[in-house]
Amino acid sequence: MSDRPDGSADAAPIGVGGPAIRAEDPLGRAATENFPVALRILPVRIRQDLEAVYRYARHVDDLGDEASGDRLAALGSVESDVRALYNGGPVSDPAVAGLASTVARQRIPADPLLRLVEANRRDQHVSRYETFDDLLGYCRLSADPVGELVLRVFGRATPERIALSDKICSALQLLEHWQDVSEDYHRGRVYVPREDLRRFSVREEDLGLRAATADVRALIEFETARAKNLLEAGAPLLGTLSGWARLSVAGYVAGGRATCAALRRGGFDPLRRVPRPTSPAFAGAFLRSMLGRRRPVTKGRA
């Protein structure tokens with residue numbers, strides 16, 4: 001697939017700094033993300049593909065987090081529709097149906113779509129993680145598939161790139177957990193590994209206070225540094241990309257870097273106020289990400 005423009009870009013940006021969108025549309029949540037879901041300058045078809053992927057991922061996540069009634073049944077219905085999409089059967093879920101043209105044109109496999117469903121199934125019966133490796137196992141279901149889907153939209157998915165993308169996506173997921181640690185606690189979930197709570201002498205109840213204690217701040221600083229290291233370990237992905245793909249992935253990396261800066265700027269206290277990236281911080285991180293050196297792609301790979 002070429003990185004050259006294949007359409008105009010007259011729609012509003014979806015993501016950081018984007019306009020308000022109808023709340024009932026999952027895309028309405030895009031403006032609250034730490035990274036731009038679909039940059040305005042992208043060609044129309046690419047932007048529509050990215051929006052379809054985001055709409056599906058957001059829809060599945062909302063079912064797992066907010067649906068009334070039997071959430072497992074709702075997630076099972078989505079899984080059935082995904083399988084029907086690949087088997088030529090009828091699809092009733094609009095978010096799944098909206099993937100049809102993207103799946104067909106980019107030959108996207110079902111696995112990353114199904115892993116997102118499995119992540120939300122896990123959320124129904126797992127609310128604590130003992131170790132950091134356990135939490136990364138969850139991220140492999142809840143976050144990493146999105147990066148693979150993005151690479152496939154651009155026709156740039158290779159094993160090497162997917163492995164680097166996984167690091168970026170896991171880091172972004174971890175940073176979101178650290179931002180929302182209080183909200184998650186009040187919803188009955190604690191993503192901070194228990195081994196780390198013990199290491200920093202933090203009780204679960206401390207995560208629900210109005211302001212972070214010194215121990216909580218030290219814990220969040222530690223977790224932020226760990227996420228930042230993972231993000232930077234995946235950042236070499238940018239050096240293998242060009243054109244629209246590089247531009248888009250740079251937005252994700254920049255969003256992660258700006259989120260780390262926001263947590264640091266807030267004194268690593270996400271309990272008093274949820275730290276969010278500012279537009280200037282994102283713009284600076286984006287520019288630095290784009291100016292990084294490219295490296296040659298391994299011979300024989302796309």
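Me: Which residues touch the most other members of the largest nonpolar core?

Reply: Happy to start there. In this predicted model, that core has 76 residues, and those touching the most other members are Leu 50, Tyr 56, Val 78, Leu 174, Trp 178, Val 192 and Leu 207. The largest share, eleven residues, is supplied by helix H12 (residues 243-265).

Me: What does Leu 207 contact, leaving aside its neighbours within four places in sequence?

Reply: The partners of Leu 207 are Val 181, Ser 182, Tyr 185, Val 190, Val 192, Leu 197, Val 202, Val 216 and Leu 271. One of them, Val 192, is also on the list of core residues that touch the most other members.

Me: How many helices and strands does the protein have?

Reply: There are 13 helices and zero strands. Reading along the sequence therefore gives α-α-α-α-α-α-α-α-α-α-α-α-α, with helices and strands taken from DSSP runs. Of the 302 residues, 51% count as buried. Among contacts between residues at least 6 apart in sequence, 70% join residues at least 24 apart.

Me: How do you know that Cys 139 and Cys 169 are in no disulfide?

Reply: Look at the sulfurs. A disulfide needs them within 2.5 Å, and the sulfur of Cys 169 is 9.8 Å from the closest cysteine sulfur, in Cys 139, so the two are too far apart for a bond. The structure as a whole holds zero disulfides.

Me: Why is Cys 169 called buried, with a relative accessible area of 12%?

Reply: The cut-off for buried is under 20%, and Cys 169 has 12%, so the word applies. Cys 139 is buried too, because its relative accessible area is 0%.

Me: What makes Arg 105 partly exposed?

Reply: Partly exposed covers the range between the buried limit of 20% and the exposed limit of 50%. Arg 105 has a relative accessible area of 34%, so it belongs in that range. You will find Arg 105 in helix H4 (residues 100-106). Not counting residues up to four places away in sequence, Arg 105 touches Arg 45 and Asp 49. Its C-alpha atom is 10.0 Å from that of Arg 152, a residue 47 places away along the chain.

Me: Why is the pair of Tyr 129 and Tyr 138 called tilted?

Reply: Two values decide this. Ring centres must lie within 6.5 Å to pair, and planes that are neither under 30 degrees nor over 60 degrees apart count as tilted. Here the centres are 5.6 Å apart and the planes meet at 40°, so the pair is tilted. Both Tyr 129 and Tyr 138 are buried, and together with Tyr 191 they form one aromatic cluster. The whole structure has five aromatic pairs.

Me: What makes the pair of Phe 282 and Phe 286 stacked?

Reply: Stacked is the word for planes under 30 degrees apart. The planes of Phe 282 and Phe 286 are 25° apart and the centres 5.9 Å apart, so this pair is stacked. In the sequence, the two are four residues apart in helix H13 (residues 279-290), which means about one helical turn separates them. Phe 282 and Phe 286 are both buried.

Me: How do you know that the charged end of Arg 226 sits over the ring of Phe 132?

Reply: The distance limit is 6 Å from the ring centre, and the charge must also be within 35 degrees of the ring normal. The charged end of Arg 226 is 3.7 Å from the centre of the Phe 132 ring and is counted as sitting over it.

Note on methods: Residues numbered from 1 in each chain as written. Predicted model: local features only at pLDDT ≥ 70, side-chain atom pairs only at ≥ 80, totals over all residues. Heavy atoms only, no water. Buried < 20%, exposed > 50% of the residue type's maximum accessible area, 1.4 Å probe, protein only. Core = buried A, V, L, I, M, F, W, Y, C linked by side-chain atoms within 4.5 Å. Contact = heavy atoms within 4.5 Å. Phe/Tyr/Trp six-rings, centres within 6.5 Å; stacked < 30°, edge-to-face > 60°.
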